[in-house]
Structures are given as structure tokens and as C-alpha cells.
Amino acid sequence: MTALAEDRRPALLSIAGIAAFAIGAALVLLLQLVPPTDEISVTSRTISEYGLSDNKWVFDLAVVLVAVGSAVTLAVLRLQRRLPVVSAVFGALWTIGLLVIVAFPKTNWATATGGAAGGTLHRVASVVAFVCLPLAILVAARTTFPHSPRRRFAARLLAVLSLGWLAIIVGAVAVAAVNDERWWLLIPLGLVERGMALTELVALAVLAAPVRAKKPAPVSS
């Protein structure tokens, strides 16, 4: 009985971690349905815009839940030796980046408030977080799923799609630099960022979801 409970503990922790960042994602979606954040454009405004509203505490709670859930699921994989060191480092940077986003809100350009240093940290942390998680998943896929090619493929595909969303932003920055334009006006930035965030969380859930243990083959008499 005790051994069985210990065997189930990692799976239960993984499920709890996934539930935590799923609730965090749901809270972000909820912010778009309640005032005053329901007036924030999902196509042109970034997710961090919620952190400048009266619902800032909901946004902060959501991001912290995502960070905690991510840390728990990645820690379980590491303890199970299913997460390479490189992926663990990338995963830690993702988690730390989320916490920095909460600690240092984005600059409110509408009112020109917010410290320049804090706003810069917010932007850097956002880039680091969104880059590091898909890299962690790409590196970890083979080690995490040595006997599950479908799960391995799904994790890699979602990680590549996450980087694809990021490539849209990088492309806009490059085009804007050449044409002397504002890059955030060249694309639906809010939609792209939300698509990237959702894809990355789904990819993390695929990576972290418990793997069923294979039943031993019957011994022939």
C-alpha cells in the first residue's frame, strides 16, 4: 500500500501542477470577460496590459499560478530523470521570467508611468520566458518520451509552433527596422502573443502529463 502511494505521488504532483497553470490560463481568459479589462483589445494589446488595470491582482495571481504549476511539473520530470539538465535550466528561466513579469509591470505608455528600468526588465523577462519554454520542451522530448513517439512528436510540434508565433514578432521587428515603422502596428500583437502563450502551455501540459506505466508481459508457463 505504501509503495503504491509513493508510485502515484509524482503523477499526482504533475496533475496538480498542470491544474495550477490551467487555472492561471483560465483566469487570464476571465479577465477579458469582466470589466474593466473586457475593454482591452485581444488583437492589439498584450496580455501584460491586464496588469495595468484595476484587475491587476487577478493577472498577478494568474501568472504566479502558471509559474508555480510549471515549476512543480518540471521538478517532477527532473526527479524522474526525464528532464535533461539543459531543459531544466531553460525551464527555470521560464519560471523566473514569469515571476519577474509580475514583480515589474510593463510601462504604461498611455500615462507615461512606470520606471524605465522596470519596464525594460518586464520586456526582457517576457522574451526570455517565451523563448526558453519551447527550447526546454524541444530538448527534453526524446528523454521524456523514450517509448512514446506520439507524445514526443506532439511535444516537439507544439514547441515549434510556439517558436513560429515568436518568429512572427521577430519578422515584424525586422521589417519595421528597415521601413522605419512601429513594429507592433504591423501585426495583431495581442492575438499573436495570446496564441504563443496558449501553444506553450499546451506544449508544457503534453510534456508534463503522466506517462502510463507499461504492464509487464505475461510469463508463459
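Student: What makes α6 count as largely enclosed by the rest of the structure?

Tutor: In this predicted model, 16 of the 20 residues of α6 are buried, so the helix is largely enclosed by the rest of the structure; buried here means under 20% relative accessible area.

Student: How do you know what α6 supplies to the largest nonpolar core?

Tutor: The largest share of this core, ten residues, comes from α6, and the core holds 45 residues, among which Tyr 50, Phe 59, Trp 94, Leu 98 and Ile 137 touch the most other members. At least two core residues each are also supplied by other helices, including α1 (2–31) and α4 (116–144).

Student: Which residues does Phe 59 touch, leaving aside those up to four places away in sequence?

Tutor: Phe 59 touches Leu 31, Ile 47, Ser 48, Tyr 50, Gly 51 and Ile 101, where a contact requires heavy atoms within 4.5 Å.

Student: Why is Arg 81 called exposed?

Tutor: The relative accessible area of Arg 81 is 76%, and the cut-off for exposed is over 50%, so Arg 81 qualifies as exposed. Arg 81 lies in the loop between α2 and α3 and has a positive phi of about 60° although it is not a glycine.

Student: And what makes Asp 180 exposed?

Tutor: Asp 180 has a relative accessible area of 73%, and because exposed means over 50%, the term applies to Asp 180. This residue lies in the loop between α5 and α6, and its phi, near 55°, is a positive value in a residue other than glycine.

Terms used: Residues numbered from 1 in each chain as written. Predicted model: local features only at pLDDT ≥ 70, side-chain atom pairs only at ≥ 80, totals over all residues. Heavy atoms only, no water. Core = buried A, V, L, I, M, F, W, Y, C linked by side-chain atoms within 4.5 Å. Buried < 20%, exposed > 50% of the residue type's maximum accessible area, 1.4 Å probe, protein only. Helix = DSSP H or I, 4+ residues; strand = E, 2+ residues; numbered from the N terminus.
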